[in-house]
Amino acid sequence: MIIDERDLKKVIIPRPKESHKGDFGRLLLIGGLYPFGGAILLSALACVNSGAGLVTVATDKDNISALHSRLPEAMAFDVDDRALLEENIEKSDLVLIGPGLNETDRSEEIFDFLIDQIDPKKLLLIDGSALRILAKKGPSLLSKKRALILTPHQKEWENLSRLTIEQQTLDNNQAILKEQFSEQTILVAKSHQTSILQGDFVYQLQKGGPYQSTGGMGDTLAGMIAAFAVQFPKSSLLDRVAAAVCLHSLIADELSADHYVVLPSTISEEIPKWMQKFSQK
């Protein structure tokens with residue numbers, strides 16, 4: 001099934017007049033370990049601009065001043081403060097781990113701590129470096145009952161699935177998803193023709209282009225997916241994820257009309273305007 005603007009109109013609805021920030025999701029983002037602080041900032045920007053009610057970032061202590069300077073709407077704390085990390089894992093509706101997490105022993109310790117602490121019923125979005133850590137440890141580390149969103153590009157999916165890029169057909173991807181992950185798992189298989197899979201259902205994206213081949217693009221997409229996933233309860237989780245993926249590329253398409261390269265931060269700036277557009281029935 002092709003994702004298009006009609007799917008966005010179904011998902012993005014006007015906010016109730018009687019509402020508050022707690023109604024739009026509490027997110028915890030984990031990543032941005034040296035020297036990749038920009039990645040988690042881009043994810044946080046996308047989360048806030050996509051309407052998440054409360055966004056908290058666990059990152060290197062040295063990143064916090066820069067993050068607050070650019071994005072005062074987000075909270076932040078030192079990822080090495082395990083008491084605060086445990087508290088925020090428990091309070092969150094969704095945890096996004098991976099943007100700029102790196103692949104050091106310290107990164108793996110943080111990943112292991114999260115998996116040990118997080119409730120299997122809580123949404124977990126694994127992106128970037130965390131996907132490579134998961135590939136090293138094996139999907140059996142995760143509960144078969146876990147609600148999970150995976151956002152790999154083709155090389156990350158190759159590491160995780162053991163399918164070469166040439167073997168990554170829809171049928172093969174679905175088979176691996178069913179074999180190794182829970183039935184609730186959503187796979188956003190990023191490529192020049194991104195597909196979103198859950199069980200036997202497939203959404204395909206026909207938007208976007210080479211102007212998106214820029215560092216931080218996936219970090220921004222992960223933040224948008226996280227924010228959409230904790231909003232819009234009248235839509236299924238799969239539809240929410242698909243809508244975020246579609247909007248990300250629709251904005252990039254529009255910007256590419258007069259931009260040779262589309263910057264992820266520029267996409268973030270446009271998100272609230274586009275969400276307002278699609279919320280008007």
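The largest pocket in this structure, which is a predicted model, has a volume of about 780 Å³. Its lining is made up of 36 residues. Among these, His153, Lys190, Gln212, Met217 and Gly218 lie nearest the centre of the pocket.

Which elements give two or more residues to that lining? They are helix H2, covering residues 37-49, helix H6, covering 129-137, helix H9, and helix H10, covering 237-255. The largest share, 4 residues, comes from H9. As to the character of the lining, 21 of the residues are polar, 8 are nonpolar and 7 are charged.

I turn next to helix H9 itself, which spans residues 217-229. One residue of that helix is Thr220. Is Thr220 buried or exposed? Thr220 has a relative accessible area of 0%, and it therefore counts as buried, the cut-off being under 20%. If we leave aside the neighbours within four places in sequence, Thr220 is in contact with Leu42, Ala46, His248, Pro264, Ile267 and Ser268. Of these partners, Leu42 and Ala46 fall within the residue range of helix H2, and His248 falls within that of helix H10.

Let us now consider enclosed space. A search of the whole structure finds 1 cavity of 30 Å³ or more. About 50 Å³ of space lies in this largest cavity. How many residues line it? The number is 10, and those nearest the centre of the cavity are Leu142, Ser143, Gln180, Phe181 and Ser182. By class, the cavity lining consists of 4 nonpolar, 4 polar and 2 charged residues.

I close with the chain as a whole. The protein chain contains 11 helices and 9 strands. Along the principal axes, its C-alpha atoms fill a box of roughly 45 × 45 × 40 Å. The radius of gyration is 17 Å, in agreement with the value near 19 Å that a compact globule of 281 residues would have.

Two further values describe how the chain is packed and covered. Buried residues account for 56% of the 281 residues. The accessible surface comes to about 12700 Å², and carbon and sulfur atoms hold 50% of that area.

Finally, there is the matter of contacts along the sequence. Where the separation is 6 or more, 72% of the contacts in the protein chain are between residues 24 or more positions apart.

Note on methods:
Residues are numbered from 1 along each chain as its sequence is written. This is a predicted model: local features need pLDDT of at least 70, side-chain atom pairs count only at pLDDT 80 or more; totals for chains, interfaces and linings use all residues. Side-chain values use heavy atoms; hydrogens and water are left out. On a 1 Å grid over the protein atoms alone, a cavity is a set of points where a 1.4 Å probe fits but cannot get out, and a pocket is an open set with protein on both sides within 12 Å along at least five of seven lines; lining residues have an atom within 4 Å of a point. Grid points are joined across faces, edges and corners, and a volume is the space filled by probe spheres set on the points. Ala, Val, Leu, Ile, Met, Phe, Trp, Tyr, Cys and Pro count as nonpolar, Asp, Glu, Lys and Arg as charged, and the others, Gly among them, as polar. The radius of gyration is taken over C-alpha atoms; the globule rule is 2.2 Å times the number of residues to the power 0.38. Buried means under 20% relative accessible area, exposed over 50%, partly exposed in between (1.4 Å probe, protein chains only). Contact means heavy atoms within 4.5 Å. Accessible areas come from the Shrake-Rupley method with a 1.4 Å probe; for residues, only the protein chains shown count as cover.
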